[in-house]
Amino acid sequence: MERKLENIHKTVIDSAYEVISLKGYTSWAIGYSVANLARSILRDQRKIHPVSVLAKGFYSIGDAEVFLSLPAQLGRGGVLGVTNVHLNEEEEQRLRDSAKTIWDVQTQLGI
């Protein structure tokens, strides 16, 4: 299992370098995104942002405690709610499949 995790880690690192070599260094985008999130929270703007939230109960995901990037309203209190975006059946199934994959990995890792 540890060897498998090391291989996954190496693949992720190598992929990052491949993206940088193809697109160039993009750290400004990360900084801009963080500043945008902070602005929404500090100014209580209640804007919708794609952020990682507990997906339990959304889109028929069920009771699995997984976090997915979903559109959420942010304000002074942090995440104020998750916006219900209409998904067709195929999109909803793919989201559920992603949640299950994450849950399976978490279970294998004991977290």
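Start by selecting K100 and D104: the two make a salt bridge, with 2.9 Å between the closest N and O atoms. Keep in mind as you click around that this is a predicted model. Both residues sit in helix α3 (residues 89-109), and K100 and D104 are four residues apart there, about one turn of the helix. Colour by accessibility and K100 comes out as exposed, at 51% relative accessibility, while D104 is partly exposed, at 30%.

**Along helix α3**

Stay on α3 and pick E90 and R94. Their side chains meet in another salt bridge, 2.9 Å from N to O. The spacing is again four residues, about one turn of the helix, with E90 and R94 both in α3. How open are they to the outside? E90 counts as partly exposed at 49% relative accessibility, and R94 counts as exposed at 55%.

Next, add E89 and R96 to your selection. R96 forms a salt bridge with E89, and the closest N and O atoms are 3.0 Å apart. Is R96 buried or exposed? R96 has a relative accessibility of 18%, so it counts as buried, the cut-off being under 20%. E89, on the other hand, is exposed, with a relative accessible area of 52%. Now bring in E92 as well: E89, E92 and R96 are linked in a network of salt bridges. Over the model, the salt bridge count comes to six.

**Over to the sheet**

Now hide the side chains and show the strands. You should find an open sheet of three strands in the order β1-β2-β3, paired antiparallel. β1 and β3 are the edge strands, each pairing on one side only. Neighbouring strands of this sheet are turned against each other by 55° on average, ignoring direction. If you switch on backbone hydrogen bonds, remember that these are what strands of a sheet pair through.

Zoom in on β1 (residues 47-54) and β2 (residues 67-75), which are antiparallel and joined by eight bridges. Two places to click here: V51 has L70 in β2 as its bridge partner, and L54 is partnered with F67, also in β2.

Then slide across to the other side of β2. Strand β3 (residues 78-82) pairs with β2 over four bridges, again in the antiparallel sense. Select A72 and you will find V82 of β3 standing opposite. Follow the chain to the turn: a hairpin of two residues joins β2 to β3. G75 is bridged to G78 in β3.

**Helix α2 and what follows**

Go back along the chain to helix α2 (residues 27-42) and try a quick ruler check. What span should its 16 residues have at 1.5 Å a residue? The expected value is 22 Å, and the end C-alpha atoms of α2 are 23 Å apart, which agrees. After α2, click on D44: this residue has a positive phi, near 50°.

**Last stop: a nonpolar patch**

Finally, show the surface and select I13, Y17 and I20. Together they form a nonpolar patch on the surface, with about 290 Å² of accessible area. I13 belongs to helix α1 (residues 2-23), and this residue is partly exposed, with a relative accessible area of 35%.

How values were computed: Residues numbered from 1 in each chain as written. Predicted model: local features only at pLDDT ≥ 70, side-chain atom pairs only at ≥ 80, totals over all residues. Heavy atoms only, no water. Pairing = 2+ DSSP bridges. Expected span 1.5 Å × (residues − 1). Patch = residues over 30% accessible without salt bridge, like charges linked within 9 Å, V, L, I, M, F, W, Y side chains within 5 Å. Areas by Shrake-Rupley, 256 points an atom, 1.4 Å probe, with all protein chains shown as cover. Salt bridge = Lys/Arg side-chain N within 4 Å of Asp/Glu carboxyl O. Buried < 20%, exposed > 50% of the residue type's maximum accessible area, 1.4 Å probe, protein only. Axes fitted to C-alpha atoms, helices over the stretch in contact; angles between N-to-C directions.
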